[in-house]
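Here's a quick tour of one model, taken a piece at a time. Keep the viewer open and follow along.

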Amino acid sequence: MPSSKVDENIREKFRRSGYTLTAQRRAVLDALRQADGHPSAEEVYLIVKRKNPRIALGTVYQALSVLEEIGVISSKHWAESPIRYDLNLEPHLDIRCIRCGRVSEVPGIEMGDLKARVQENTPYEVTSADLVLEGICPECRKTGES
């Protein structure tokens, strides 16, 4: 989806929510776009801080919270790593490094009709579908981290 279309969708979500797209929230969105994989709040903060040294970590957390509340981003929770944030709200496959916790999207593999098939074969109403593979990222393989 072209960036201008994404921006219009985001502006529309802000209009409907009653929240304002502040400079801080836009900076957090820009950082999420620049980030490699699915960053933690601290990683987003470090990206934003490069351009705006005065920004507080709490401001980044608040912006992430609002962005998630209005449906612009999603968060991924795993017990062993900090919460990770994702701009891609479409069903997709993620892979998480079991050593450093980095999370990336797996390209070229479609989730297909997984949600519909699960719903057809169980009495559950599927409200979200997240699938994560685990492995060791290239950086950890190179360094032999443990």
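## A glycine in a loop

Let's start with Gly71, which sits in the loop between H4 and strand E1 (74-78). Keep in mind that this is a predicted model. Is Gly71 buried, exposed or partly exposed? Its relative accessibility comes out at 23%, so Gly71 counts as partly exposed, given that buried means under 20% and exposed means over 50%.

Which residues does Gly71 touch, once its neighbours within four places in sequence are set aside? Those would be Lys13 and Leu89. As for Arg141, 70 residues from Gly71 along the chain, the two C-alpha atoms are separated by 35 Å.

## The two sides of H3

Next up is helix H3, which covers residues 41-51. Its buried residues are Ala41, Val44, Tyr45, Ile47 and Val48. Why do they end up on the same side of H3? Because they cover an arc of only 165 degrees around the axis. The spacing fits a general rule: an α-helix has 3.6 residues a turn, so residues three or four places apart point the same way.

Flip to the face turned away from that buried side and you'll find the exposed residues Leu46 and Arg50. On the buried side, H3 packs against three elements: helix H2 (23-34), helix H4 (57-69) and strand E2 (81-86).

## Where H3 meets H4

Zoom in on this helix pair. The H3 and H4 axes come within 9 Å and cross at roughly 115 degrees, and H3 passes H4 in a right-handed crossing. On the H3 side, the contact is made by Ala41, Glu42, Val44 and Tyr45; H4 brings Leu57, Val60, Tyr61 and Leu64.

What is the make-up of this contact by class? It has 7 nonpolar residues, 1 charged residue and no polar ones.

## A sheet of three strands

Last stop: an open sheet of 3 strands, in the order E4-E3-E5, with mixed pairing. Strand E4 (103-105) and strand E5 (131-135) stand at the edges. Each has a single partner strand, so one side of each is left without a neighbour in the sheet. From one strand to the next, the twist averages 30 degrees.

In which sense does strand E3 (residues 93-97) pair with E5, parallel or antiparallel? The pairing is parallel, over 5 bridges. For a specific spot to look at, try Ile95, whose bridge partner in E5 is Leu133.

Definitions and conventions. Residues numbered from 1 in each chain as written. Predicted model: local features only at pLDDT ≥ 70, side-chain atom pairs only at ≥ 80, totals over all residues. Heavy atoms only, no water. Pairing = 2+ DSSP bridges. Helix = DSSP H or I, 4+ residues; strand = E, 2+ residues; numbered from the N terminus. Axes fitted to C-alpha atoms, helices over the stretch in contact; angles between N-to-C directions. Buried < 20%, exposed > 50% of the residue type's maximum accessible area, 1.4 Å probe, protein only. Arc of directions from axis to C-beta. Contact = heavy atoms within 4.5 Å. Left-handed = near helix turned anticlockwise from the far one by under 90°. Nonpolar A, V, L, I, M, F, W, Y, C, P; charged D, E, K, R; others polar.
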